[in-house]
Amino acid sequence: MSTFEIHRATKRRAKLRLGMSGPAGSGKTYSALLIASGLGGRIGMIDTEHGSGDLYADLLPEGYDVLSLTPPFTPARYIEAIHALEEAGVSTIIVDSLTHAWSGEGGSLDRQGKIADKSGNSWQAWRQVTPEHNALVETLLQSPCHIIATMRAKTEYVQEKDERTGKQVVRKIGLAPIMRDGIEYEFTTFFELDVQHMAFVGKDRTQLFDGQIFRPELDTGRRLLGWLNTGMDEPQVKHNVMPEEQKAELIGSIYRAGSVDDLFQAFSVAYRAANALPDPDALADLTRVKDARKVWLEVHNSAAYGVTA
């Protein structure tokens, strides 16, 4: 007998998963804030760009909160920052930028290189780093908040003819996002911005902007919100209780973490397990254990990680 479940496709209300890439100066942060404002509710930004998150403090009448994330930019620390903003009660989380989790100091490429140098086995290094990257992607997809993630784009200069003057001019263009290949497919919609602050939409499950070129603004967020709110409510989910044996094992993994990075890898596993049931009480217990272990590790290892809200 088949064990597969077959159901009629039904449009349900959802949370935004928007990715945006572009070269320096394309307006990624500015556009993300405008779209987030159009979605409504409280906005929280994870700022990895050396304080650039505060530069637009006067842009939105309602304001927004900033969580400054400094190196090392491990996926585990991004996950911690996302959970911190969720617990703070924001409606939309802007990750500015997600690129650091891949190519920044302590990011996946950096970690893979160091592990490979130490072990002499590049393939084995990826087997360790890939689950960390996947855990971050899963956290973005499972968040109860709207997510807007910006990414730097590889930059290239092209020479072309200016039709007005007839002279050759050099123009900067953005190419693929600096992130693991295929990251675009994880998002509901993906905008590619150019230096004129125009967005090209190559992938759009909402079908609101597919193939269009436009300047992102407040109304972009409002239109996305209208689409997200169209459909049926998610069915009520029965809260299950995590078995005590499983909870004890997860707590043990958290207590055995020897570094802050190891701690948040262990907590990511625990977070997904508690959310899968879902069991909010177990998640609260696991979070308290994680917080206590983090304090102990920071005191004993003198690790200054610099996550501030």
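A residue counts as exposed when its relative accessible area is over 50% and as buried when that figure is under 20%. By that yardstick Gln207, with 68% relative accessibility, is exposed. Keep in mind that this is a predicted model. The protein chain has nine helices and nine strands, and 46% of its 309 residues count as buried.

**The chain as a whole**

- Look at contacts with a separation of 6 or more, and 64% of them in the protein chain turn out to link residues 24 or more positions apart.
- The accessible surface adds up to about 16400 Å², and carbon and sulfur atoms hold 51% of that.

**The largest pocket**

- The largest pocket takes in about 830 Å³ of space. It has 31 lining residues, and the closest to its centre are Arg17, Gln142, Ser143, Pro144 and Asn275.
- Four elements each give two or more residues to that lining: α2, α5 (122-142), α8 (260-276) and α9 (280-301).
- Helix α8 is the top contributor to the pocket lining, with seven residues.
- Sorted by class, the pocket lining comes out as 13 nonpolar, nine polar and nine charged residues.

**The cavity**

- There's one cavity of 30 Å³ or more in the structure, and the space inside the largest cavity is about 40 Å³.
- Its lining is made up of Arg17, Val137, Leu140, Leu141, Ile147, Ile183, Glu186 and Phe187.
- Helix α5 supplies the largest share of the cavity lining, three residues.
- Six of the residues lining the largest cavity are nonpolar and two are charged, with no polar ones.
- Arg17 turns up twice here: it is listed among the residues closest to the centre of the largest pocket, and it also lines the largest cavity.

**Helices α1 and α2**

- Helix α1 covers residues 28-39, and its 12 residues should span 16 Å at 1.5 Å a residue; the end C-alpha atoms sit 17 Å apart, so the two figures agree.
- Most of α1 is covered, with 11 of its 12 residues buried. Among them are Lys28, Thr29, Leu33, Ile35 and Leu39.
- Right after α1 comes Gly40, with a positive phi of about 85 degrees.
- Helix α2 runs over residues 75-88; from first C-alpha to last it reaches 20 Å, close to the 20 Å expected for its 14 residues.
- Helix α2 is also mostly covered, with 11 of 14 residues buried. The buried set includes charged side chains such as Arg77, Glu80 and Glu86, along with Tyr78, Ile79 and Leu85.
- Gly89 follows α2, and its phi is positive too, near 90 degrees.

**Phe191 and Val195**

- Phe191 sits in strand β7, and it counts as buried because its relative accessible area is 0%.
- Leaving out residues up to four places away in sequence, Phe191 touches a list of residues that includes Leu18, Met20, Ile35, Phe200, Phe209 and Phe214.
- Pro216 is 25 residues from Phe191 in sequence, and their C-alpha atoms are 9.2 Å apart.
- Val195 is in the loop between β7 (189-193) and β8 (199-204). It is partly exposed, because 23% relative accessibility falls between the buried and exposed cut-offs.
- Val195 and Lys28 are 167 residues apart in sequence, yet their C-alpha atoms are 9.9 Å apart in space.

**Backbone oddities**

- As background, most residues other than glycine have a negative phi, and most peptide bonds are trans.
- His50 isn't a glycine, but its phi is positive at about 60 degrees. You'll find it in the loop between β2 (43-47) and β3 (65-68), and it counts as exposed because its relative accessibility is 76%.
- Gln207 is another residue other than glycine with a positive phi, near 65 degrees. This one is in the loop between β8 and β9 (213-214).
- Asp96 and Ser97 are joined by a cis peptide bond, with omega about 10 degrees; Ser97 belongs to the loop between β4 (92-96) and α3 (100-103).
- A cis peptide bond also links Leu277 and Pro278, with omega about -10 degrees. Pro278 is placed in the loop between α8 and α9.

Terms used
Residues are numbered from 1 along each chain as its sequence is written. This is a predicted model: local features need pLDDT of at least 70, side-chain atom pairs count only at pLDDT 80 or more; totals for chains, interfaces and linings use all residues. Side-chain values use heavy atoms; hydrogens and water are left out. The expected span of a helix is 1.5 Å times one less than its number of residues. Buried means under 20% relative accessible area, exposed over 50%, partly exposed in between (1.4 Å probe, protein chains only). On a 1 Å grid over the protein atoms alone, a cavity is a set of points where a 1.4 Å probe fits but cannot get out, and a pocket is an open set with protein on both sides within 12 Å along at least five of seven lines; lining residues have an atom within 4 Å of a point. Grid points are joined across faces, edges and corners, and a volume is the space filled by probe spheres set on the points. Contact means heavy atoms within 4.5 Å. Accessible areas come from the Shrake-Rupley method with a 1.4 Å probe; for residues, only the protein chains shown count as cover.
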